[in-house]
Structure formats: structure tokens, C-alpha cells
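Work through the exercises below with the sequence and the structure open. Try each task before reading its solution.

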Amino acid sequence: PQDYVDVRKKMGKSIDGTESKEISLLSLVMRLCVSFPASIALMEGLVRFGLLEPSSKDDTKMVMTIVAFISTALVLFLPGGKRHRGTSVLKDIVAKCPPPVGSGDDGKVTLKDMFQGGSGSKTVQHGATVALESVKAKYVINCAGSYSDQIARMIGDDSFYIKPRLGDYILLNRNQGHLAHSTIFPCPDPVLGKGVLVQQTLWGNLILGPTARDMHNKETRDMSNESIQEYILSKCKQLCPYFDAKEAIHGFCGARSKSSRGDWIIEPSSKDANFIHVAGIDSPGLAGSPAISLYVVELMQKAGLKMPPNINFNPNRAPIITPKVGLRGLKMGPPGKNDSDGKDEATMAKNVICKCEKVTELEVVRALRRSLPIDSTQGIRKRTRAGMGHCQGDAENYDCECRVRAIISRENGVSPEEVGGRPWPATSTLSQRWVYKDDMQKEGLEKRMNNN
């Protein structure tokens with residue numbers, strides 16, 4: 001699609017190399033990127049840093065640009081089709097939505113929570129085991145992320161294990177996005193990877209990070225929130241010195257499924273040729289996922305699976321998001337004022353569910369009625385950006401988290417408690433998602449940015 005091509009041209013990656021040993025490592029990275037068969041990267045070569053990043057304080061640094069950008073939409077929006085369930089009054093459901101919590105102390109998100117993501121499936125039947133069943137298959141693809149080693153053990157394969165590596169980010173407001181027009185990161189570390197980076201997101205925010213905190217390393221595992229913030233902010237300041245740390249609106253963390261073998265594992269199991277491992281897929285797993293999927297298809301065919309082309313397959317998908325012109329035709333208000341009955345699309349198209357991102361009820365419903373089931377507000381966020389704006393789903397602002405949860409409850413015919421949500425306050429290093437209200441915390445971020 002043309003919009004994807006335009007975005008790919010717009011974005012790039014800049015690797016900062018200041019010493020001769022770093023330049024030689026950059027050359028190695030170039031060779032790896034060119035030779036890696038699953039890579040879709042296109043090398044554009046080394047150029048002067050100042051030509052790409054006018055906001056940098058050192059225009060003598062050398063950079064390498066890699067035109068390699070895969071829109072999240074390309075992966076998330078592939079499934080299509082329609083599905084629809086019953087109707088209900090949204091405001092009544094919103095009133096019943098409890099704030100979700102993590103499984104740790106004081107509701108804190110734990111590593112196990114990260115493995116499971118934001119799915120609501122673990123709360124179905126209120127967490128009680130109601131039945132057990134065995135599923136037989138001729139072929140199995142083990143793509144269970146941080147649980148992939150446990151799945152492998154089920155067939156006696158102990159050829160690898162997963163060593164979770166946490167990556168922490170800090171997200172800044174959109175008024176900071178203009179400071180980076182491509183992705184800037186330091187010379188990659190041979191062990192920890194590409195290091196912290198500075199990047200403008202597709203939606204204009206400035207994102208800083210990630211860290212690389214191995215959970216088997218006590219020193220990195222037990223880092224305080226303040227230490228994590230200082231690590232990210234101080235290192236990113238070396239790449240882009242002019243950002244305002246007080247514009248932070250969110251801090252989040254994810255667990256990468258780093259394998260004990262040090263690389264992606266995409267191969268048949270030594271225990272069973274029909275059991276295909278797709279394990280240890282850490283960064284850049286999203287960018288590599290289309291190529292990975294094609295390779296897995298080849299492996300399945302070699303294992304004997306017949307795959308005749310589906311002549312009815314339609315590669316085109318109707319859009320979920322409708323472009324807006326300001327607030328024209330949109331209506332905002334408390335739950336119940338503009339809500340539809342789940343049938344009237346004209347009403348749904350006007351009813352704003354997320355004020356910051358101007359996401360409507362109809363856009364949420366479109367995502368839910370496709371063939372891929374969605375059981376969490378996380379799934380809707382990734383398809384519509386509902387809850388990803390400046391207020392980050394502030395319950396005291398527009399409470400879009402509960403509004404989305406209510407729509408999922410209505411459409412899927414389940415209770416609000418069974419709908420997965422971001423654990424409150426759903427931020428890894430900040431006290432809450434909406435730190436724009438907390439002057440003391442903003443001043444602390446600025447101080448840690450300037451610590452060396």
C-alpha cells in the first residue's frame with residue numbers, strides 16, 4: 001500500500017559510532033544485515049551524522065541507515081472477516097468495570113504477567129479450571145514466546161531454555177517528536193544488542209529506550225525505578241540532547257524471550273520433525289515476522305504438510321480507522337449520552353470512546369467483529385490506539401479504558417471481569433500513566449536526565 005511505502009521511506013535507523021573500534025563493528029553489522037537471509041533491510045551506507053539528525057550535538061559522528069520499517073498495522077491487521085454478538089447498555093457495563101491489577105504486591109505487574117500479555121483469557125470462569133482436554137495434531141508450531149521452552153519440554157526437548165530480558169521504555173509527548181526524524185541508537189553492544197535509542201513514533205511521540213535487563217542477572221533484575229530512568233534518560237541525552245524529560249507520559253516494560261542459544265530458533269525439533277520451533281524471537285522479531293512466517297511455511301512443507309493455494313483468499317482488508325477532520329461529526333460526553341445499541345452504525349461513528357486519539361465506538365466494534373477474537377483492551381489499543389494518547393486512559397479524564405472494556409463485554413457477551421485490561425496504573429517505572437499531573441515526579445525525571 002502506498003501509505004506503507006511512504007512511511008518506510010520516511011523512517012530509517014541511525015547507528016552512532018564515534019571510535020574506530022565502533023566503526024569496524026558498524027562494518028560488521030552492515031555485512032550481517034546484507035547477508036542475513038531473513039532480513040528485509042536495505043543498506044544505504046555510512047553518511048555524516050549531521051546530515052540526518054540536525055538535533056544532534058555532534059555532526060562529525062558517522063551513522064549507518066537501514067531502511068527497514070514494518071508498520072505494526074501490517075502484522076496486526078491481516079486477519080479479516082466478520083463476527084458479531086449481542087447488545088447491551090454501555091453505561092451500565094462501564095459502571096461495573098473494576099480497575100485491572102497485576103498479580104504482584106500492591107497490584108504490580110510481574111514477569112509472569114508480561115508473559116501472558118493483556119489477554120483476558122486467564123480470567124474466564126474467574127480463574128477456575130472447569131475441564132481438561134487433549135488436542136492431537138500432526139504438526140505443531142511452537143511459537144509460545146517466553147513459554148516456548150516449557151512447550152518444548154512437553155515432548156522431551158531440552159535443547160534450549162528462555163532467559164527473559166526486560167526492556168524498559170519512556171514515552172514522551174508529541175511535542176518532542178520533531179527532535180528525531182529517524183531512529184538513532186549507539187554502536188550495538190556485542191552482548192546486549194543495539195542499546196537505548198531515540199525514535200520518533202509513527203504518531204509523532206518521542207520514545208526512549210529500551211534497556212536490556214537480564215532476569216538471571218541480580219544487578220540488572222533488581223534495578224530501582226529511579227536507576228532505570230536515569231539509565232535511559234542519561235544515555236538518550238548523549239544521542240539527542242534537547243528533549244524535555246518532563247514531557248514523559250508513560251513508562252512501560254516488556255519481556256523479550258532471549259534464548260540460551262543466543263539467536264532465534266526456527267527449526268524442527270530434534271525430537272520430532274513435525275514439531276517446529278519458532279522460539280527465542282527477540283528484537284527485531286516484529287520486523288522479521290513476515291520473513292519468519294514464509295520460512296516456517298517452507299519447513300512445514302518439508303515436513304510433509306500439503307498446502308494447496310486457497311483460491312478464495314482475499315489479501316485486502318477493509319480499514320478499521322476512519323480519518324478525521326478535526327472534531328467534525330464527532331460527539332463526546334459521559335457514558336450513556338452518545339452510546340449506541342450496538343446496531344446503529346451512524347450513532348457509533350459519532351460516539352467518541354477515546355478523546356485523545358478520537359477513536360469512535362464504530363472503530364472499536366469494527367476491530368471486534370473481525371474473525372480474529374479480541375478479549376482485551378490491549379488488543380483494541382494495538383488496532384485503534386484507544387488509550388494511547390496524552391492522558392493514557394486517565395480514569396478521571398475520559399475513562400476510555402473502561403469504555404473500551406464495556407464494548408468488548410457487550411460484543412463478546414461476557415462479563416467485564418473477563419475482559420483483559422492494562423493493570424493499574426500500567427506503567428513500569430512511573431507512579432502513574434498520567435505524570436503530567438505530578439510536578440515533583442517531572443522534576444525528578446529532569447534531574448535524572450542530567451546525571452552522568
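**Exercise 1: A buried charged pair**

Arginine 213 and aspartate 168 form a salt bridge, with their closest N and O atoms 2.7 Å apart. The model is a predicted one.

Task: State which parts of the chain this pair ties together, and whether arginine 213 and aspartate 168 are buried or exposed.

Solution.
Step 1. Locate the partners: arginine 213 is in strand 9 (residues 213–214), and aspartate 168 is in strand 5 (residues 162–172).
Step 2. These parts are 45 residues apart in sequence, so the salt bridge ties together parts separated along the chain.
Step 3. Both arginine 213 and aspartate 168 are buried.

**Exercise 2: A pair between two loops**

Task: Arginine 385 and glutamate 357 meet through their side chains in a salt bridge. Find where each residue lies and apply the 20% cut-off for buried residues to both.

Solution.
Step 1. The N to O distance in this salt bridge is 3.0 Å.
Step 2. Arginine 385 sits in the loop between helix 13 and helix 14, while glutamate 357 sits in the loop between strand 13 and strand 14. The two are 28 residues apart, and the pair links distant parts of the chain.
Step 3. A residue counts as buried when its relative accessible area is under 20%. Arginine 385 has 9% and is buried. Glutamate 357 has 16% and is buried.

**Exercise 3: A salt-bridge network**

Task: Describe the salt bridge between glutamate 361 and arginine 410, then name the network to which Glu361 and Arg410 belong.

Solution.
Step 1. The side chains of glutamate 361 and arginine 410 meet at 2.9 Å, N to O.
Step 2. Glutamate 361 belongs to helix 12 and arginine 410 to helix 14; the pair links distant parts of the chain, 49 residues apart.
Step 3. Glutamate 361 has a relative accessible area of 0% and is buried. Arginine 410, at 3%, is buried as well.
Step 4. Through salt bridges that share partners, Glu361, Arg369, Arg410 and Glu411 are joined into one network.
Step 5. For the whole structure, the number of salt bridges is 13.

**Exercise 4: The surroundings of helix 12**

Task: How many of the eight residues of helix 12 are buried, and which elements do they pack against?

Solution.
Step 1. Seven of the eight are buried, and helix 12 is mostly covered.
Step 2. List them: Glu361, Leu362, Glu363, Val364, Val365, Ala367 and Leu368.
Step 3. These buried residues pack against helix 5, helix 11 (345–350), strand 13, strand 14 (359–360), helix 13 (377–384) and helix 14.

**Exercise 5: The nonpolar cores**

Task: Which elements give two or more residues to the largest nonpolar core?

Solution.
Step 1. This core has 24 residues, and those with the most contacts inside it are Val364, Leu368, Ile380, Ala386, Val404, Ile407 and Ile408.
Step 2. The elements are helix 5 (90–94), strand 13 (352–354), helix 12 (361–368) and helix 14 (400–412).
Step 3. Helix 14 supplies the largest share, six residues.
Step 4. Another core lies apart from this one; it has 21 residues, including Leu206, Leu208, Leu239 and Leu445.

**Exercise 6: The whole chain**

Task: What share of the 452 residues is buried, and what secondary structure does the chain have?

Solution.
Step 1. Buried residues account for 43% of the 452.
Step 2. The chain has 15 helices and 14 strands.
Step 3. Of the contacts between residues at least 6 apart in sequence, 71% join residues at least 24 apart.
Step 4. The chain exposes about 23,400 Å², and carbon and sulfur atoms supply 54% of this area.

Definitions and conventions. Residues numbered from 1 in each chain as written. Predicted model: local features only at pLDDT ≥ 70, side-chain atom pairs only at ≥ 80, totals over all residues. Heavy atoms only, no water. Core = buried A, V, L, I, M, F, W, Y, C linked by side-chain atoms within 4.5 Å. Buried < 20%, exposed > 50% of the residue type's maximum accessible area, 1.4 Å probe, protein only. Helix = DSSP H or I, 4+ residues; strand = E, 2+ residues; numbered from the N terminus. Contact = heavy atoms within 4.5 Å. Areas by Shrake-Rupley, 256 points an atom, 1.4 Å probe, with all protein chains shown as cover. Salt bridge = Lys/Arg side-chain N within 4 Å of Asp/Glu carboxyl O.
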